[in-house]
Amino acid sequence: MRVLAAIAALLGALAASPAALAQDCRLALLLALDVSASVDEAEHRLQREGLAAALLSPEVLDPLLNGPGPVALAVYEWSGRFQQDVISDWRLVTSETQVLEIVRELQTVPRTTGEFPTAIGYAIGFASTMFAQAPPCFFHTLDVAGDGQNNDGFAPGLAYEHFPLDSVTVNGLAIGGASREIRDYYETEVIRGPGAFVEFARDHSAFEEAMRRKLERELRVMVLGALTP
């Protein structure tokens, strides 16, 4: 019901005042990157560089900058229970210059952890704090990228029970090998909400391509005020 109400509000704003809508945030998009012990330095670099390249790709830049209202974007890295570090705080993106600022942060902010386990539930719980600090937006989406299952602290399901995330759609980017195990885990345990989906990268070298596909799909949800698949 919250999603339908948000859609109705956005479409109503489109019909009533396009100029006013241009100042309204259509989407708060929060990106969570796995930096647990299973991610070595080379893989960490592939994630950072892959996200930066995806953000600058024409397929992502176009819907990011030319949709019905701006997008608020933030990035954090996560690993153990109490290891969540903001790499790029909330920014209402209205120009390519601001995208370049996010890219610069991805390139320069150091990795602060690397020896902790995989606490996906805590990573999701931390997102509720981040969304509480976000600009007011019509929709809220969390992207969780990772290459392993939860092995520390409470599971994702308990995070959804105990943190205020009812209005948040959670998508996943599962990084795995030949097996479907990690993708299946993300599909059954991590993603949540109407239209939630998992993108799959066969390994970290395919992270950029998978991230580009995921961002493009999320940002093209609304075209000319109409929902698209």
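Colleague: How many salt bridges does the structure hold?
Modeller: Keep in mind that this is a predicted model. Some of the bridges share partners, and in that way Asp62, Arg212, Glu216 and Arg220 end up in one network. For the structure, the count of salt bridges is twelve.

Colleague: Arg48 forms a salt bridge, so which residue is its partner?
Modeller: Arg48 sits in helix α3, and the pair reaches a distant part of the chain, 29 residues apart, in strand β2. Arg48 is buried, at 6% relative accessible area, and the partner is buried too, at 2%. The closest N and O atoms are 2.7 Å apart, and the partner is Glu77.

Colleague: And Glu199, is that one buried or exposed?
Modeller: Glu199 meets Arg213 in a salt bridge, 3.0 Å from N to O. Arg213 lies in helix α9 and Glu199 in strand β6, so this pair ties together parts 14 residues apart in sequence. Arg213 is partly exposed at 28%. Buried means under 20% relative accessible area, and Glu199 has 11%, so Glu199 is buried.

Colleague: Where does Arg192 lie, given its salt bridge with Asp166?
Modeller: The closest N and O atoms of that pair are 3.4 Å apart. At 24% relative accessibility, Arg192 counts as partly exposed. Asp166 is in the loop between α7 and β5, 26 residues apart from Arg192, which lies in the loop between α8 and β6.

Colleague: On to the sheet. Which are the edge strands?
Modeller: Six strands make an open sheet with mixed pairing, in the order β3-β2-β1-β4-β5-β6. An edge strand pairs on one side only, and that picks out β3 (84-93) and β6 (198-201).

Colleague: In which sense do β1 and β4 pair, parallel or antiparallel?
Modeller: Cys25 stands opposite Cys137 in β4. The two strands, residues 25-34 and residues 137-146, pair over eight bridges, and the sense is parallel.

Colleague: Which strands does helix α9 touch?
Modeller: Helix α8 (residues 181-190) lies across β2, β4, β5 and β6, at about 170 degrees to β5. Helix α9 (residues 207-219) packs on the sheet as well, with its direction at about 160 degrees to that of β1. The strands α9 touches are β1, β2, β4, β5 and β6.

Colleague: Last one: how is α3 placed relative to α4, oblique or perpendicular?
Modeller: Ala54, Leu55 and Leu56 in α3 meet Pro58, Val60 and Leu61 in α4, a contact of six nonpolar residues with no polar and no charged ones. The axes come within 5 Å and cross at roughly 60 degrees. That crossing makes α3 oblique to α4.

Notes: Residues numbered from 1 in each chain as written. Predicted model: local features only at pLDDT ≥ 70, side-chain atom pairs only at ≥ 80, totals over all residues. Heavy atoms only, no water. Axes fitted to C-alpha atoms, helices over the stretch in contact; angles between N-to-C directions. Helix = DSSP H or I, 4+ residues; strand = E, 2+ residues; numbered from the N terminus. Parallel < 35°, antiparallel > 145°, perpendicular 65-115°, else oblique. Contact = heavy atoms within 4.5 Å. Nonpolar A, V, L, I, M, F, W, Y, C, P; charged D, E, K, R; others polar. Pairing = 2+ DSSP bridges. Salt bridge = Lys/Arg side-chain N within 4 Å of Asp/Glu carboxyl O. Buried < 20%, exposed > 50% of the residue type's maximum accessible area, 1.4 Å probe, protein only.
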